[in-house]
Amino acid sequence: MEIRSFLTGLLTRHDCLVEATEAADGTSLRVLFPPELQESLQVGELEVFELPRGEGRTLSLVHNGRDFIEALAPLALASGLYSALSFPGLTFPVADPEGFLASRLTVQNGIWRLREVRSENCGYLVVNFCLTATADTRSERLATVAVNARTGTIPLGLAAALSDLWERENGGRGPAAVSKAFSIRKEGKTPPIGTIAHSREAGGKQAQDAGGDDETVLPRVLAAARRQAALAAGEVFREFRTNLNRRLARDLTRLQGYYRTLAGEIEKRRRRKGHDPEEQERALSRLEATKADYLKKIRDARDKYALEILIEPVNALWVELPVTILEIALQRRKETRLFALPVNPLTRRPESPVCVRCQAPVLNFHLCDALHILCPACFPHCPVCNGKSP
Ligand SMILES: [Zn+2]
Ligand SMILES: [Zn+2]
């Protein structure tokens, strides 16, 4: 990223007013700093930064005799900060909601009926997780997961669609009618819901109910994201695990063969000297010792290949999107339950509810008698109903 857009982005996010003036020998940025930044960055209310042409790609800027990029570091790197994006202009109206859902949603042992179609603003937490698998070898991977904070549904493919859009839109400066707002808030201090809606750029359009107390939303959604990351880890490390099990099985077979031969030889010797009670005694204790040794070696092999998977969030992005909510009634036998199914404007697909047992996102599912959603693999073992469903 070139220094000019870096400065403009970072300072604008911290409520500075930034104005660029082009000249033959470069660009000057006139920046109006709010009082708290004037103090923490030790700058005046208005500062003019001269960005010489041709040096735009290096991240160094000397201003008033000091490295100003270094002075800005606390704004960009403080922990607990995350970025937020809003796309108020990105709409995907669902022309024929009934038909749209019919080809995308399957309730195996029940029916659904469309009750209401409405537009809402939904907030999403998009998190990059670092997955680390450790056994006798180590493997590290990244997984990106997204969760709808309002409904708890999973917008599969959102992260990829988001980065495509971002590229098409040239970082939000593109020609499409998609507006955006940047904001950085401190986790725990400022609730994520409606963060952007309250900021200037989004025109003060307020997000509707958050589906919970604002203070509890982020931990709850992060926990849901972590469960999705755990599912992703299962997929990502499938081969790693298979490999591990193969090597463990190979080691166990070798150990078995070795100790079987050893025990066979002791037994042979014992039989040969069957008349000597002292030899018998010695052979028996040798067999015991061999057996203990064998069991210990098996434990060691299992420890050596024991798999530990660490799942850690690396960074998070808050995204707000205008969403079409299809409110459906799920029905099985005489029970009915309302369910809000969002259609994501970025992926242009319905978001997936999660199985109450394994948390897998599913659009093809079963219902227990109490109408909990269960994936085909988990049905009929509903953990909420203690497995009492049929
Ligand atoms: Zn399941
Ligand atoms: Zn149930």
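Helices here are DSSP runs of H or I with at least four residues, strands are runs of E with at least two, and both are numbered from the N terminus. With that in hand, threonine 137 is easy to place: the loop between strand 8 and strand 9 holds this residue. This is a predicted model, in which local features need pLDDT of at least 70 and side-chain atom pairs count only at pLDDT 80 or more, while totals for chains, interfaces and linings use all residues. Residues are numbered from 1 along each chain as its sequence is written, and chains are lettered from A and ligands numbered from 1 in the order in which they are written.

Let's stay with that loop for a moment. A residue is called buried if 20 or more other C-beta atoms lie within 10 Å of its own, exposed if 12 or fewer, and partly exposed in between, with C-beta atoms placed from the backbone. Threonine 137 has 11 C-beta neighbours inside 10 Å, so this residue counts as exposed. Its C-alpha is 8.7 Å from that of tyrosine 305, although 168 residues separate the two in sequence.

Now for the strands around the loop. Two strands pair if DSSP finds at least two bridges between them. Strand 8 and strand 9 make a hairpin with three residues in between, and they pair in the antiparallel sense over eleven bridges. Phenylalanine 129, for one, has alanine 143 in strand 9 as its bridge partner. Strand 8 also pairs with strand 11, again antiparallel, this time over 23 bridges; there, alanine 133 stands opposite isoleucine 309.

Step back and you have 390 residues, of which 24% are buried, arranged with eight helices and 15 strands. Two residues are in contact if their C-beta atoms, placed from the backbone, lie within 7 Å. Among contacts with a separation of 6 or more, 62% are between residues 24 or more positions apart.

What about the inside? A nonpolar core is a set of buried Ala, Val, Leu, Ile, Met, Phe, Trp, Tyr and Cys residues joined through C-beta atoms within 7 Å. The largest one has 51 residues, and Tyr124, Leu125, Val126 and Val147 have the most contacts inside it. Strand 11 (residues 308–332) gives the largest share, eight residues. Apart from this core lies another, of eight residues, including Leu29, Val31, Phe33 and Leu61. Leaving aside residues up to four places away in sequence, tyrosine 124 touches Ala146, Val147, Asn148, Ala149, Pro155, Leu158, Val319 and Leu321.

Leu158 leads us to helix 5 (residues 158–168), where Leu158, Ala159 and Leu162 are the buried residues. Looking down the helix axis, these fall within an arc of 95° (taken from the directions from the axis to the C-beta atoms), so they line one face of helix 5. They pack against strand 8 (111–134), strand 9 (138–148), strand 11 and strand 12 (335–344). On the other side of the helix, Ala160, Asp164, Glu167 and Arg168 are exposed.

Next, the helix pair. Axes are lines fitted to C-alpha atoms, for helices over the stretch in contact, and angles run from 0 to 180 degrees between N-to-C directions. Helix 7 (residues 238–272) and helix 8 (residues 277–304) have axes 10 Å apart and pack at about 175°. That makes the two roughly antiparallel, the label for angles over 145 degrees; under 35 is roughly parallel, 65 to 115 roughly perpendicular and the rest oblique. Where they meet, helix 7 offers residues including Leu248, Leu252, Leu255 and Tyr259, and helix 8 residues including Ala283, Leu287, Tyr294 and Ile298.

Two open sheets round off the tour. One has three strands in the order 1-2-3 with antiparallel pairing; strand 1 (17–23) and strand 3 (46–52) are its edges, each pairing on one side only. Neighbouring strands in this sheet are turned by 20° against each other on average, direction ignored. A hairpin of two residues joins strand 1 to strand 2, and seven bridges link the two strands, with alanine 20 partnering leucine 29. Strand 2 and strand 3 likewise pair over seven bridges, antiparallel, and arginine 30 has valine 48 as its partner.

The other sheet has the order 7-14-15 and mixed pairing. Strand 7 (106–107) and strand 15 (373–374) each have a single partner strand, so one side of each lacks a neighbour in the sheet. Strand 7 runs parallel to strand 14 (residues 364–367), with two bridges joining them, and valine 107 stands opposite phenylalanine 365.
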